[in-house]
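Welcome! Take a look at the sequence and structure below, then try the exercises, each followed by a worked solution.

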Amino acid sequence: MMNTVNEITPGSCDLLCVVGARPNFMKIAPIMAALAEHAPRMRVSLLHTGQHYDAVMNHQYFDALGIPAPSINLEVGSGSHAQQTAEVMRRFEPALDASGARAALVVGDVNSTLACALVAAKRGLPVIHVEAGLRSFDRAMPEEINRILTDRISDLLFTSERGARDNLLKEGIPEQAIHFVGNVMIDTLRQNLGRAVPFRQTVAPEERARCDVAENNYAVLTLHRPSNVDDPAALRRLLETLNEASERIPILFTLHPRTRAMIEKFELMPLLKRARIVLLPPLGYLEMLGLMKDARMVLTDSGGIQEETTALGIPCVTLRDSTERPITVEEGTNVLAGTDRIDILRAVDAILSYGGKTGRIPQYWDGAAAVRIAHVVRDWAENGYKA
Ligand code: UD1
């Protein structure tokens, strides 16, 4: 794979922002825009590690959300966690040096987040972490390790929900480094709701007819956590349960590349084809938003979708035992159903009979989180990159 480190213009930036995987893109979009508007004197560049590389996982997001093209793509691609993290680090270091950046900004909890934070910190540069302090308290999740370590070496930590500050304080992060600014992903959602693609344009008419899909009469399903899809027995059990759920409500299943690969490897495709389940490829941001907006419910193991459904007021059944985003359960529309058959079907039935939780919008999920971040970053830079 080609290393394109030379593409970055030497000394070209003050702040190097990093993205790597799909859930990073909707977080960086409003941050880049807010920095351009509210910190115009800062020279900000975007670097893509190339952790996600499929066109649909990339261009559709960059184009739809108006994210500036990255100055550089490290093209690291897939690998084991160690390989991927190491490869990002190896390729990020010369790019960071060449950029002349005085600080690095990372978002979320993917392998690229940790890898770039580590390199910047060891180069003596301050690290800014957006979406800090979320904890599932489940170290079997690779993202939990990424969160804990990234926060530990960050200098400026922006949190998206109230409880995150307590998690950070308990881990010894100094109070003055933490800023509760709200949820940048919800900035993006609010900005783009009016542009969401109606589900009828995403789901073919024959499939809609075959499965009785109509507005407010379908569930959206996403699955990609290693704990749910990497083990053949666990994946089979989950898909059998979802088959049963589809007898109650048709399911639109958007397939992450890793999930499709596992379903094919374990020969589980025939199981899905028998059910009232429409299989869809990974969707662009506006298509996915359109699907969720008119859904009766969403079934997911994603982190971000738990937040998006709370912001949309759509009931969410989370197919995990824990969440790092507890506000979506405390105040939002989310229920943690886990992966047990009875619990999942009970959660689905509750929504079908009572409409599910209504919830309220958490504090600072108001569309202005990125502007708050830009103000803090600008003042911080003017103060010589010191808290
Ligand atoms: C990563 C993040 C996860 C996030 C998810 C969203 C980590 C540890 N995990 O998981 O937190 O929720 O992104 O999608 O960083 N693949 C492709 N094309 C791509 C990307 C991946 O085919 O563009 C396939 C490959 O088979 C690859 C597998 O998906 O091996 C896993 O990709 P990887 O980036 O390692 O992790 P995700 O499961 O996508």
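## Exercises around the ligand

**Exercise 1.** Find how far a polar side-chain atom of histidine 52 lies from an oxygen atom of the ligand.

*Solution.* Start at histidine 52: one of its polar side-chain atoms is 2.7 Å from a ligand oxygen. Keep in mind that this is a predicted model. Next, go to glutamate 143, where a polar side-chain atom comes to 2.6 Å from an oxygen atom of the ligand. Finally, histidine 224 places a polar side-chain atom 2.8 Å from an oxygen of the ligand. With these contacts in view, add the cover: on its own the ligand has 740 Å² of accessible area, and the protein covers 85% of it.

**Exercise 2.** Work out how many residues surround the ligand, and which classes they belong to.

*Solution.* First, count the shell: 18 residues surround the ligand, and the closest are His52, Tyr53, Asn111, Glu143 and His224. Then sort the shell by class, which gives five nonpolar, eight polar and five charged residues. Last, look for helices: α1 (22-38), α3 (81-99) and α12 (257-265) each contribute at least two shell residues.

**Exercise 3.** Locate the ligand with respect to the pockets and the domains.

*Solution.* Begin with the pockets: the ligand takes up the space of the largest pocket. Now turn to the domains. Domain 1 (5-182 + 366-382) and domain 2 (197-354) both give residues to the shell, so the ligand lies between them.

Conventions. Residues numbered from 1 in each chain as written. Predicted model: local features only at pLDDT ≥ 70, side-chain atom pairs only at ≥ 80, totals over all residues. Heavy atoms only, no water. Near = heavy atom within 4 Å. Polar contact = N/O pair within 3.5 Å; in protein donor to acceptor, adjacent residues only side chain to side chain. Areas by Shrake-Rupley, 256 points an atom, 1.4 Å probe, with all protein chains shown as cover. 1 Å grid on protein atoms, 1.4 Å probe; cavity = no way out; pocket = protein on both sides within 12 Å on 5 of 7 lines; lining within 4 Å. Sits in = over half its atoms within 2 Å of the grid points. Helix = DSSP H or I, 4+ residues; strand = E, 2+ residues; numbered from the N terminus. Nonpolar A, V, L, I, M, F, W, Y, C, P; charged D, E, K, R; others polar. Domains from an automatic or database assignment.
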